[in-house]
Amino acid sequence: MGIIERIKEIEAEMARTQKNKATEYHLGQLKAKIAKLRTQLLEPPKGSSGGGDGFEVTKFGHGRVALIGFPSVGKSTLLTMLTGTHSEAASYEFTTLTCIPGIIHYNDTKIQLLDLPGIIEGASEGKGRGRQVIAVAKSSDLVLMVLDASKSEGHRQILTKELEAVGLRLNKRPPQIYFKKKKTGGISFNSTLPLTHVDEKLCYQILHEYKIHNAEVLFREDATVDDLIDVIEGNRKYIKCVYVYNKIDVIGIDDVDKLARQPNSVVISCNLKLNLDRLLSKMWEEMGLVRVYTKPQGQQPDFSDPVVLSARWLFGGRFLQSHS
């Protein structure tokens, strides 16, 4: 039985299992098994040299933004409008077959925008060019999920599920769980507050599933089983995502208003060139870019060439990271 079949078999077992106090340990173990299998699914095949038909683009500028979405939702048109770079756009699906980069010049900064091929349901299992698209998305500072406003809700759920399946966590911060493997001493389990989702027994069972018998675990928040598994796996990417609803010119004003009020969302129309300035402003805000203008001693500040920094939040503490 292949990895994908085993994942589907475990998912079917989880769907059949009733969720209650008596089954939470069993469900926790099943979740850990699925996480391990998904990690195996992302590994290159044995015997391969590591090369492949991927499409990685060299990073350029002060930040990288990836366009992700289903085929024919307007990603290529959006890239052309924001950067001036030509990306083939047509009325049929899968017009873009590789990664096309462009540069946005905004607020004295250069932001690299990547137009990626449309992904389909099952991309996390290798369908289409899903793995390559998601690999590029993992190296980005921000994801723009481009959605068709007329059928956006179902598409948004499918795309979020596909990205989460390969370890991308959208608009979430890393769980406040301290985890460290040890050589001896058994498992040390502690928490700084009462836990409602995980107890010591469940933690032991999940660690046992990973064949970890000596470790230190400290919960600093009331985290879930999924959060614990993410920390143990250690390969999750926490990234901000802006949901871009295109083609608002084909739906009613009430629907547009409803979409615009959703968190982390921007409504646009590439066809009528509506609200693109708001999208750029939202990108700038989410990336947390800051311009610092240098002033030589005794001279006027140089406003032509700023030093661009990224102000990021991690574990509740603020720090500045310079981009070279």
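1. Arg 169, Asp 230 and Arg 236 are joined in a network of salt bridges. The model in which this network appears is predicted. Within the network, the side chains of Asp 230 and Arg 169 meet at 3.0 Å, N to O. That pair links distant parts of the chain, with Asp 230 in helix α7 and Arg 169 in strand β5 (residues 168-170), 61 residues apart. Both Asp 230 and Arg 169 are buried.

2. The surroundings of Asp 230 merit a separate remark. Helix α7 (residues 225-233) is largely enclosed by the rest of the structure, because seven of its nine residues are buried. The buried residues of α7 are Val 225, Leu 228, Ile 229, Asp 230, Val 231, Ile 232 and Glu 233. The list thus includes two acidic residues, Asp 230 and Glu 233, beside nonpolar ones such as Leu 228 and Ile 229. After α7 comes Gly 234, with a positive phi near 75°.

3. As to the overall architecture, the protein chain contains nine helices and 13 strands. Of its 324 residues, 45% are buried. Among contacts with a separation of 6 or more, 64% are between residues 24 or more positions apart. The chain exposes about 17,300 Å², of which carbon and sulfur atoms supply 51%.

4. Which residues touch the most other members of the largest nonpolar core? In this core of 55 residues, they are Leu 78, Leu 144, Leu 279 and Met 283. Apart from this core lies another, of 23 residues, which includes Phe 179, Val 225, Leu 228 and Ile 232. Val 225, Leu 228 and Ile 232 also appear among the buried residues of α7.

5. Leu 78 can be followed in more detail. Its place is in helix α3 (residues 75-83), and its relative accessibility of 0% means that it counts as buried. Beyond its neighbours within four places in sequence, Leu 78 is in contact with Leu 67, Val 146, Ile 268, Cys 270, Leu 276 and Leu 279. One of these partners, Leu 276, is 198 residues away along the chain, and the C-alpha atoms of Leu 78 and Leu 276 are separated by 8.9 Å.

6. A search of the whole structure finds twelve salt bridges. One of them joins Asp 108 and Arg 291, whose closest N and O atoms are 3.6 Å apart. Asp 108 lies in the loop between β2 and β3 and Arg 291 in strand β11, so this pair ties together parts that are 183 residues apart in sequence. Asp 108 is partly exposed, at 44% relative accessibility, and Arg 291 is also partly exposed, at 32%.

7. The backbone at Asp 108 should be noted as well. Most residues other than glycine have a negative phi. Asp 108, however, has a positive phi of about 65°; its loop runs between β2 (100-106) and β3 (109-115). Asn 275 is likewise a residue other than glycine with a positive phi, near 65°. Asn 275 is found in the loop between β10 (265-267) and α9, and is partly exposed at 29% relative accessibility.

8. Is Glu 286 buried or exposed? Its relative accessible area is 12%, which means that it is buried. Glu 286 is found in helix α9 (residues 276-287) and forms a salt bridge with Lys 240, the closest N and O atoms being 3.7 Å apart. The pair links distant parts of the chain, as Lys 240 is in strand β9 (residues 237-246), 46 residues from Glu 286. Lys 240 itself counts as partly exposed, at 38% relative accessibility. Leaving aside its neighbours within four places in sequence, Glu 286 is in contact with Leu 142, Val 242 and Asn 264 as well as with Lys 240.

9. On the surface, Val 290, Val 292 and Val 307 form a nonpolar patch with about 180 Å² of accessible area together. Val 290 has its place in strand β11 (residues 289-292) and counts as partly exposed, at 31% relative accessibility. Strand β11 also holds Arg 291, the partner of Asp 108 in the salt bridge described above.

10. Finally, on the cysteines: the structure holds zero disulfides. Cys 203 is buried, with 0% relative accessibility. Cys 241 is buried too, and its relative accessible area is 0%. Cys 270 is one of the contact partners of Leu 78.

Methods:
Residues are numbered from 1 along each chain as its sequence is written. This is a predicted model: local features need pLDDT of at least 70, side-chain atom pairs count only at pLDDT 80 or more; totals for chains, interfaces and linings use all residues. Side-chain values use heavy atoms; hydrogens and water are left out. A disulfide is a pair of cysteine sulfur atoms within 2.5 Å. Buried means under 20% relative accessible area, exposed over 50%, partly exposed in between (1.4 Å probe, protein chains only). Patches are made of residues with over 30% relative accessible area and no salt bridge: like charges are joined within 9 Å, nonpolar side chains (Val, Leu, Ile, Met, Phe, Trp, Tyr) within 5 Å. Accessible areas come from the Shrake-Rupley method with a 1.4 Å probe; for residues, only the protein chains shown count as cover. A salt bridge is a side-chain nitrogen of Lys or Arg within 4 Å of a carboxyl oxygen of Asp or Glu. Helices (H or I, at least four residues) and strands (E, at least two) are DSSP runs, numbered from the N terminus. Contact means heavy atoms within 4.5 Å. A nonpolar core is a set of buried Ala, Val, Leu, Ile, Met, Phe, Trp, Tyr and Cys residues joined through side-chain atoms within 4.5 Å.
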